[in-house]
Amino acid sequence: MYNEKEFQIMKKNALENHIPIIMDDTLEKIKEILKEEKPKNILEIGTAVGYSASCFAIFSDAQIDTIELDEERAKEAIQNVDKVGVSNRISIMIGNAVDILPTLKGEYDIVFIDAAKSKYSIFLEEGKRLVKNNGLILADNVLYKGYVMSDYNKHKQRTAVRHLREYIKEVTENPYLKTEILDIGVGLAITRVTK
Ligand code: SAM
């Protein structure tokens, strides 16, 4: 059982404070995936205030490990998952995922990437190492408001777009990865990994 009222308050506060939490249509797809995959464990990169981690806990029976760089956000996430009543299944690591990921072991059923766009290729490499054979790597924001598929990008977005295009190239061309890219939310890549 979880506290639906606190879950909705967390969502409302996150949206009011412009925290980029997963969008509703992305959550609907994730719910379908959780129902089919029945994950026992999930690794999330990019906790923010704990909204998506709470969704994973509410809509599956998985144990969730999640990493957040911003200490303030991570502290808020710790409080939020407690209020929602799912803290017993969520472990929040505070720090840079680029440093934390190489220290992790274990086989995750699902790896969810939702952090710095410029680090997606690093997250993918670590995700491939940490996901089990036939597991899934999900990456949010791969279409980045349409910029990734557009020829013209402002200087501000160019680096992120280049990194996201590299990510898409790898997940669609590597023969060990089978990927579907959905134009929902901010773009969701669903990659099945064969090891
Ligand atoms: N997954 C969250 C949700 O849907 O509720 C939203 C995550 S938000 C899009 C991205 C988060 O990743 C931010 O809170 C940011 O501080 C964090 N982040 C960015 N770079 C990171 C890194 N290198 N390591 C860990 N977290 C990082």
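Colleague: How should I begin to read the ligand site, and which atom of the ligand is 2.8 Å from an N or O atom in the side chain of Ser-52?

Modeller: In this predicted model, a nitrogen atom of the ligand is the partner, placed 2.8 Å from an N or O atom of the Ser-52 side chain. A pair of N or O atoms counts as a polar contact when the two lie within 3.5 Å. An oxygen atom of the ligand is likewise 2.8 Å from a side-chain N or O atom of Arg-73, while Ala-97 brings a backbone N or O atom to 2.9 Å from a ligand nitrogen. As for burial, 90% of the 610 Å² of accessible area that the ligand has on its own is covered by the protein.

Colleague: Where does the ligand sit, and which residues come nearest to it?

Modeller: The ligand occupies the largest pocket, and of the 21 residues around it, the nearest are Gly-46, Ser-52, Glu-68, Arg-73 and Asp-114. Sorted by class, this shell holds 11 nonpolar residues, with five polar and five charged ones beside them.

Colleague: Which elements each supply at least two residues of the shell around the ligand?

Modeller: Helix 3, spanning 51-59, and strand 2, spanning 63-68, each do so.

Colleague: Turning from the ligand to the protein, how many salt bridges does a search of the whole structure find?

Modeller: The search returns 12 salt bridges, and one that can be followed by eye joins Lys-11 to Asp-24, with 2.9 Å between the closest N and O atoms. This pair links distant parts of the chain, since Lys-11 belongs to helix 1 (residues 4-16) and Asp-24 to helix 2 (residues 24-37), 13 residues apart.

Note on methods
Residues are numbered from 1 along each chain as its sequence is written. This is a predicted model: local features need pLDDT of at least 70, side-chain atom pairs count only at pLDDT 80 or more; totals for chains, interfaces and linings use all residues. Side-chain values use heavy atoms; hydrogens and water are left out. A residue is near a molecule or strand if one of its heavy atoms lies within 4 Å of it. A polar contact is a pair of N or O atoms within 3.5 Å; within protein, one must be able to donate a hydrogen and the other to accept it, and residues adjacent in sequence count only if both atoms are side-chain atoms. Accessible areas come from the Shrake-Rupley method with a 1.4 Å probe; for residues, only the protein chains shown count as cover. On a 1 Å grid over the protein atoms alone, a cavity is a set of points where a 1.4 Å probe fits but cannot get out, and a pocket is an open set with protein on both sides within 12 Å along at least five of seven lines; lining residues have an atom within 4 Å of a point. A molecule sits in a cavity or pocket if more than half of its atoms lie within 2 Å of its grid points. Helices (H or I, at least four residues) and strands (E, at least two) are DSSP runs, numbered from the N terminus. Ala, Val, Leu, Ile, Met, Phe, Trp, Tyr, Cys and Pro count as nonpolar, Asp, Glu, Lys and Arg as charged, and the others, Gly among them, as polar. A salt bridge is a side-chain nitrogen of Lys or Arg within 4 Å of a carboxyl oxygen of Asp or Glu.
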